[in-house]
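Here is my note on the model you sent. Please read it with the structure open.

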2 protein chains.
Amino acid sequence: MSDYLTKQLSTPITLQCGATLDDVTVAYECFGKLNEAKDNAIMICHALTGDSHVTESVEAPKEGWWNDMVGPGKHIDTNKFYVICSNVLGSCKGSMGPGTINQKTSQKYGLSFPVITVKDIVSVQYQLCIELGIPSLYAVVGPSMGGMQALEWAISYSKYCKRCVVIASSSSLSPQALAFGMVGRNAIISDRSFNEGNYDEEKPKQGLAIARMIGHITYLSKKSITDKFGRKLQEKKEYNYELDSDFQIESYLHYQGDKFVESFDANSYLYLSKALSYFDLSKEYGSLKKAFEKISASMLFISISSDWLYPTEQSKEMARTCMNMNKKVTFCEVESDYGHDSFLIEVDKFGEVIHSFIEREL
Amino acid sequence: MSDYLTKQLSTPITLQCGATLDDVTVAYECFGKLNEAKDNAIMICHALTGDSHVTESVEAPKEGWWNDMVGPGKHIDTNKFYVICSNVLGSCKGSMGPGTINQKTSQKYGLSFPVITVKDIVSVQYQLCIELGIPSLYAVVGPSMGGMQALEWAISYSKYCKRCVVIASSSSLSPQALAFGMVGRNAIISDRSFNEGNYDEEKPKQGLAIARMIGHITYLSKKSITDKFGRKLQEKKEYNYELDSDFQIESYLHYQGDKFVESFDANSYLYLSKALSYFDLSKEYGSLKKAFEKISASMLFISISSDWLYPTEQSKEMARTCMNMNKKVTFCEVESDYGHDSFLIEVDKFGEVIHSFIEREL
């Protein structure tokens with residue numbers, strides 16, 4: 001049995017590519033209670049490979065991906081707030097995606113699934129909120145790709161969204177991050193088991209593992225890889241003089257790659273990685289300033305000192321733009337050595353900033 | 001017809017792994033003339049995927065990989081110096097490697113080729129010099145993996161080597177660089193055409209292209225990718241909304257990957273990447289200080305300001321160690337935005353430093 005609820009949206013979703021998706025199913029979980037005024041809902045948006053299970057609950061006691069952040073008495077306090085987290089469109093964790101059966105063909109969509117964007121993902125989240133009877137969001141909070149969703153919320157649903165927390169994210173991937181993403185997608189597509197997305201029993205595990213390993217390296221800081229693994233060998237003190245793995249960092253990455261392919265779908269990875277690469281507020285609106293003109297939410301940008309994939313400068317640029325436009329904005333760089341993944345590791349450092357931001361009056 | 005000469009070494013080479021290679025063939029090229037005193041020879045060591053064709057000559061007019069550095073009247077002046085460049089052991093550019101036919105089996109070595117190290121590569125170079133009748137080297141010069149070879153020369157053949165120029169290199173790969181290298185090797189090994197190294201007509205092109213693309217990204221600085229490509233699209237101004245490439249950086253990397261697989265052998269890439277990962281002077285000698293104790297050459301370390309794969313700090317550490325031991329040492333950080341590849345792009349910046357170093361009296 002799955003931990004999440006599912007909702008089939010009552011209206012079709014028109015995508016940025018022009019296609020329309022009927023019968024969109026969304027997997028979601030809720031924590032805490034919606035108050036009578038219905039003004040305490042917080043939407044949490046997950047990163048590339050996340051899911052709706054942001055934290056443990058009585059019904060679903062398994063640890064969530066942000067367990068120390070969200071819960072009763074935690075930084076985002078579910079005694080006070082009604083937290084919603086939904087699996088993004090295109091993913092494989094319960095929401096509609098390329099692994100969904102297309103009712104018209106009785107086959108999985110595979111690569112016939114339309115190319116989706118962060119904006120499309122947020123359209124689905126908005127429709128979910130409406131159908132859950134939520135008239136506005138107290139806050140939207142997201143790290144990494146979740147931060148892009150939070151930005152899109154603040155822009156496209158500006159009246160609906162009171163506070164917006166963007167963590168370790170940017171208004172568009174840097175060209176270097178684009179390049180790494182492209183190589184990862186290419187590894188999947190060129191895996192012979194990929195079969196143009198029509199794999200079944202035999203999955204493109206090798207390609208997906210490579211994509212994950214590349215991603216994983218970019219999520220870690222140079223210092224954190226060095227501190228954790230350095231050049232330590234696996235067991236022996238001497239080299240094997242074989243082409244196999246010798247170093248601990250090698251077996252660690254293998255382990256991460258292998259673990260990932262058991263829990264994530266290659267087609268979903270392709271679609272979400274593509275959505276990441278397409279996200280570009282300046283391109284979409286003409287400039288960052290024009291994109292931000294619509295924002296009425298109070299904004300919090302948090303960057304990570306050692307994050308080289310989504311460097312601080314990108315968050316600063318967004319905060320600066322808001323400031324120049326007299327938007328309500330707060331910026332904070334969290335000092336952490338763990339690179340992009342810091343928000344999953346040193347949760348309290350982020351939690352304290354988020355807590356004081358969301359608890360303060362507007 | 002090939003541009004290079006070949007020499008079959010008259011003695012077997014005993015490798016660090018314990019194996020012995022008989023009948024080692026070395027591809028090499030010479031530029032300029034050995035003077036009567038035989039004291040004007042400069043050995044140039046190439047990087048991971050390089051070859052012996054460091055520059056053009058009358059006999060081989062094709063442009064070399066360091067054409068602006070080496071030649072008559074150039075920074076390393078072949079009117080004055082006798083320049084030797086040999087293809088490294090394990091490569092596929094004329095020297096013995098996994099693509100060589102094993103005389104005992106009449107088959108290509110493939111993965112039965114022993115795992116080699118930078119020290120083994122230099123053993124072969126030394127034997128070549130001896131057999132060419134060169135009693136000592138005026139200088140040894142190498143960028144990137146060539147810098148590791150230059151270091152090995154200065155340590156293992158200290159009396160033979162008067163000057164040593166180490167460019168954009170280190171005494172061991174950083175754990176992050178190790179990790180990227182491992183993912184590249186893994187992409188090759190997991191390509192179904194790899195067939196445990198026994199490929200023939202059908203080569204593991206996809207895997208090798210991925211390894212190259214990963215490498216290529218790490219050779220460029222963030223700024224150079226941004227300046228050259230940014231987030232520019234290929235032709236149209238709008239996204240394709242397909243899973244194919246949209247961005248110029250994507251087609252560029254594809255092109256680089258495809259071009260590379262036409263000219264380089266996957267097994268050689270594996271062996272040389274492994275040799276890079278094994279190079280670790282502190283491990284081999286107990287500490288960097290102990291490794292450097294034997295050095296009698298005058299040392300020049302050049303780093304690149306925007307090189308994140310072999311960062312300046314690594315060169316500084318080596319220079320500092322030499323300085324603390326009262327070795328003759330010069331250190332220079334070249335300001336360049338092109339990342340690790342700068343030594344191939346802004347050649348004059350490096351050439352000026354190398355020229356004044358090698359032309360000055362000891």
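The points below cover the fold of chain A, its surface and charges, and then the cysteines.

1. Status. This is a predicted model. Please keep that in mind for each point below.

2. Make-up. Chain A holds 12 helices and 14 strands. Its C-alpha atoms fill a box of roughly 65 × 50 × 45 Å along the principal axes.

3. Overall packing. Chain A has a radius of gyration of 20 Å. A compact globule of 362 residues would have one near 21 Å, so the value agrees with that picture. Of the 362 residues, 60% count as buried.

4. Contacts along the chain. Take the contacts in chain A with a separation of 6 or more. Residues 24 or more positions apart account for 72% of them.

5. Surface and charge. The accessible surface of chain A comes to about 14300 Å². Carbon and sulfur atoms contribute 47% of that surface. Chain A carries 37 positive and 45 negative charges. The mean positions of the two sets are 6 Å apart.

6. Disulfides. How many disulfides does a search of the whole structure find? The count is 0 over all chains. A disulfide is a covalent bond between the sulfur atoms of two cysteines.

7. Two cysteines of chain B. Why is C17(B) without a bond to the closest cysteine? The closest cysteine sulfur, in C92(B), is 20 Å away, which is too far for a bond; the cut-off is 2.5 Å. C17(B) is partly exposed, with a relative accessible area of 27%. C332(B) is in no disulfide either. Its nearest cysteine sulfur belongs to C164(B), 15 Å away.

Note on methods
Residues numbered from 1 in each chain as written. Chains lettered and ligands numbered in written order. Predicted model: local features only at pLDDT ≥ 70, side-chain atom pairs only at ≥ 80, totals over all residues. Heavy atoms only, no water. Helix = DSSP H or I, 4+ residues; strand = E, 2+ residues; numbered from the N terminus. Rg over C-alpha atoms; globule rule 2.2 N^0.38 Å. Buried < 20%, exposed > 50% of the residue type's maximum accessible area, 1.4 Å probe, protein only. Contact = heavy atoms within 4.5 Å. Areas by Shrake-Rupley, 256 points an atom, 1.4 Å probe, with all protein chains shown as cover. Lys, Arg positive; Asp, Glu negative; His and termini not counted. Charge placed at Lys NZ, Arg CZ, Asp CG, Glu CD.
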